[in-house]
Amino acid sequence: MSANKGWWVPPEGEDSVSEKFLRKTRESPLVPIGLGGCLMVAAYRIYRLKARGSTKMSIHLIHTRVAAQACAVGAIMLGAVYTMYRDYIKRTAQDAGEK
């Protein structure tokens with residue numbers, strides 16, 4: 001039986017989980033921002049759970065989900081706009097400058 005190291009070790013030649021996360025963060029920086037926003041909204045709404053008043057629990061949870069999804073969709077939209085700017089507008093300006 002092999003020795004249990006207590007943590008998963010990637011095979012030779014593959015990135016570790018942290019290296020892969022950092023690489024993906026550099027490629028698209030708005031994904032962790034969207035994830036962080038989603039977690040912040042969820043944490044805030046859970047904190048405010050006690051002060052919900054006479055609102056039903058299901059309505060409170062639906063509002064929490066919608067707010068968290070809005071953060072994620074907003075980050076995706078910002079990423080798409082940034083990518084379109086980088087790929088089309090900036091590239092077109094560089095191509096016009098080269099000619």
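The structure holds two salt bridges, where a salt bridge means a side-chain nitrogen of Lys or Arg within 4 Å of a carboxyl oxygen of Asp or Glu. Keep in mind that this is a predicted model: local features need pLDDT of at least 70, side-chain atom pairs count only at pLDDT 80 or more, and totals for chains, interfaces and linings use all residues. Residues are numbered from 1 along each chain as its sequence is written, and side-chain values use heavy atoms, with hydrogens and water left out.

**Overall picture**

- The protein chain has three helices and zero strands, counted as DSSP runs numbered from the N terminus (helices: H or I, at least four residues; strands: E, at least two).
- Going along the sequence, the pattern reads α-α-α.
- Of the 99 residues in the protein chain, 8% count as buried; the cut-offs are under 20% relative accessible area for buried, over 50% for exposed, and partly exposed in between, with a 1.4 Å probe and protein chains only.
- The accessible surface of the protein chain is about 8700 Å², and 65% of that belongs to carbon and sulfur atoms; the areas come from the Shrake-Rupley method with a 1.4 Å probe, and for residues only the protein chains shown count as cover.

**The two salt bridges**

- One salt bridge joins the side chains of R23 and E27, at 3.7 Å from N to O.
- R23 and E27 sit four residues apart in helix α1 (residues 17-27), so about one helical turn separates them.
- R23 is partly exposed, with a relative accessible area of 30%.
- Another salt bridge links the side chains of D87 and R86, at 3.5 Å from N to O.
- Both of these partners are partly exposed: D87 has a relative accessible area of 23%, and R86 comes in at 35% relative accessibility.

**What the UniProt record says**

- The unreviewed UniProt entry lists residues 30-47 and 67-85 under "transmembrane region"; positions there follow the numbering used here, feature names are shortened, and annotations may be inferred rather than shown by experiment.
- In the model, residues 30-47 are 100% helix and 0% strand, with the end C-alpha atoms 25 Å apart.
- Residues 67-85 are also 100% helix and 0% strand, and their end C-alpha atoms lie 27 Å apart.

**Helix α2 and its two sides**

- Helix α2 (residues 30-47) has 18 residues and reaches 25 Å from its first C-alpha to its last, close to the 26 Å expected at 1.5 Å a residue; that expected span is 1.5 Å times one less than the number of residues.
- Which residues of α2 are buried? They are G34, G37 and V41.
- Looking down the axis of α2, the buried residues fall within an arc of 60°, so they line one face of the helix; the arc is taken over the directions from the helix axis to the C-beta atoms.
- Turned away from that buried side is a face carrying the exposed residues V31, L39, M40, I46 and Y47.
- The cover over the buried residues of α2 includes α3 (57-98).

**V41, a buried residue facing partners in sequence-distant positions**

- V41 is found in helix α2 and is buried, with a relative accessible area of 18%.
- Leaving aside neighbours within four places in sequence, V41 is in contact (heavy atoms within 4.5 Å) with T64, A67, A68 and C71.
- V41 and R65 are 24 residues apart along the chain, and their C-alpha atoms are separated by 8.9 Å.
- V66 and V41 are 25 residues apart in sequence and 9.8 Å apart in space, C-alpha to C-alpha.
- V66 itself is found in helix α3 and is partly exposed, with a relative accessible area of 42%.

**H60 in helix α3**

- Is H60, which lies in helix α3, buried or exposed? H60 is buried, with a relative accessible area of 6%.
- Setting aside its neighbours within four places in sequence, H60 is in contact with R45, R48, L49, R52 and T55.
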